[in-house]
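Could you walk me through this model in my viewer, telling me what to select next and what I will find there? I have the sequence and the coordinates open.

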Amino acid sequence: MRTAVGPSVAALGVVACLAVPLLAHHSFGTEYDASKKVKLTGVVTNVAWTNPHMRVYVDVTDANGKVTNWNLELTSPNSVRRQGWGKNDLKAGDKVIFEGYAGKVVESRASLLSIAKVDEPERKLLVQGGPQEPATKAN
Amino acid sequence: MRRIAATLLALALPLLVPSHAQRGAAPGDVGQVNVGGTPRISAADAARPVPRMPDGKPDLTGPWVGGGSNADIEREGGLKPGELPLLPWARELRDTRKTEDEPYTACLPMGVPRVNPYPWKFAMTYTSKGLTQIYVLHETGDAGAHRVIYMDGRKHPEPDDLFPSWFGHSIGHWEGDTLVVDTIGYNDKFWFDSRGTPHTEQLHTIERWTPVNYGTLVNELTIIDPGAFSKPVTLKFTATHIRPDLDLLEFICLEDNQYGKAGGFTPASERK
């Protein structure tokens, strides 16, 4: 079911710089790698409306049949709800295609960029993104 | 007449404001999330007059977004790099702190004047004695805590009667349309921003909140902290009114905070 494997650095690097998701409770850059953009398909195992950030867990099966449960981080439930997403929009068992930025250390923990059901890939259920915070350290 | 007119305006305002203020988008019809996903109002709506309470005072309720520091108090407060008059030790501490160690990321309060891209409001509390308190309510970021500004004319307690706290002791008064908030009694635990700008328990802040129009609220913040700053400094922030139909929603930060795991680090608060 995998449609792409791991980072697509060359093609997506520029896009990544322009649209790194802003996680309001903490910064994107400490945990996620903007150069590790992934696009994968899988089956939702859990939609967790948890604080401080929502998470969607997706089983992704690779070419060798190995299953990895991806942990996709969203923003907070109140923010996601404000975008119009409700508890019936995505459920365990749904087959989805998602894009995200992999974790710096644990790659299967990703910051979610967009997610859609596989039979309607162009109809994004959720799109996260926003201007990247300017660097704050002098160096 | 002025009071009646002000009352009528206050009552009519919700009717004047935005037809586009619908409650959320249709399920599945979710657009691009902007900063924090908090919908703003239009420029035309923002330019409307300042709403007023029946007593003629500005209605500062909001909900607002912005109006304080977040990533870098120096830049966001309107200063150029290096202009924040930090004492050498404080500058060194700021520049060696790591963003991931900010207490806020461990679900502790943001303190003053930090905000994040989520709604907050001044809850103006009128009793039979008039406006006695204003509560500052942040939807996300203060771990469920509220801040209180006493408007009943009381003074600060004597220093020995204060204990160091996240929001200190705040007393407010009006100067025309400006809400002036004077706060002492802070602890030194929160950071002014995710950059790590520090302060000490000597911190004394004076906020001057002035509504410019319906959609704009300016916060002129004076920081007085001889423990960390070489001189007082005044910064300027601007809060923006968000869609008035948006309610503050629940946020229980400690529920499942997984911060650090994707990046392979343990935040400072958990290393103790």
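Start by selecting B:Trp174, which touches B:Lys57 and B:Leu179 when residues up to four places away in sequence are left out. Touching, or being in contact, means that the C-beta atoms of two residues, placed from the backbone, lie within 7 Å. Now add B:Pro58: B:Trp174 lies 116 residues from B:Pro58 in sequence, yet the two are 9.8 Å apart in space, C-alpha to C-alpha.

Is B:Trp174 buried or exposed? B:Trp174 counts as exposed because 12 other C-beta atoms lie within 10 Å. The cut-offs are 20 or more other C-beta atoms within 10 Å of a residue's own for buried, 12 or fewer for exposed, and partly exposed in between, with C-beta atoms placed from the backbone.

A word on what you are looking at: this is a predicted model, in which local features need pLDDT of at least 70 and side-chain atom pairs count only at pLDDT 80 or more, while totals for chains, interfaces and linings use all residues. Residues are numbered from 1 along each chain as its sequence is written, and chains are lettered from A and ligands numbered from 1 in the order in which they are written.

Next, colour the strand that holds B:Trp174, namely β5 (residues 169–175) of chain B. Helices (H or I, at least four residues) and strands (E, at least two) are DSSP runs, numbered from the N terminus. From β5(B), step across to β4(B): these strands pair in the parallel sense over two bridges, and pairing requires that DSSP finds at least two bridges between the strands. Here B:Ile149 has B:Ser170 in β5(B) as its bridge partner.

Stay on β4(B) and show its side chains. Its covered face carries B:Arg147 and B:Ile149, and its uncovered face B:Val148 and B:Tyr150.

Moving on, select β3(B), which pairs with β4 (residues 147–150) of chain B in the antiparallel sense over four bridges. Two pairs to label are B:Ile134 opposite B:Ile149 and B:Val136 opposite B:Arg147.

One more strand along, β2 (residues 120–127) of chain B pairs with β3 (residues 130–138) of chain B, antiparallel, over eight bridges. The two form a hairpin with two residues between them, and B:Ala123 has B:Tyr135 as its bridge partner in β3(B).

Zoom out to chain B as a whole. You should find five helices and nine strands, and 40% of its 272 residues count as buried. Among its contacts with a separation of 6 or more, 63% join residues 24 or more positions apart.

Now switch to chain A for the largest nonpolar core. A nonpolar core is a set of buried Ala, Val, Leu, Ile, Met, Phe, Trp, Tyr and Cys residues joined through C-beta atoms within 7 Å. Of the 27 residues in this core, A:Val56, A:Leu72, A:Phe98, A:Leu112 and A:Ile115 touch the most other members. β1(A) gives the most to this core, with six residues. Centre on A:Leu112, whose contacts beyond four places in sequence include A:Val56, A:Leu72 and A:Phe98.

Finally, colour by pLDDT, the predictor's confidence in each residue, from 0 to 100. Chain B averages 86, and 86% of the residues score at least 70. Over residues 1–36 of chain B, however, pLDDT stays under 50. Where pLDDT is low, the predicted coordinates should not be read in detail. For the model, the scores are ipTM 0.77 and pTM 0.81.
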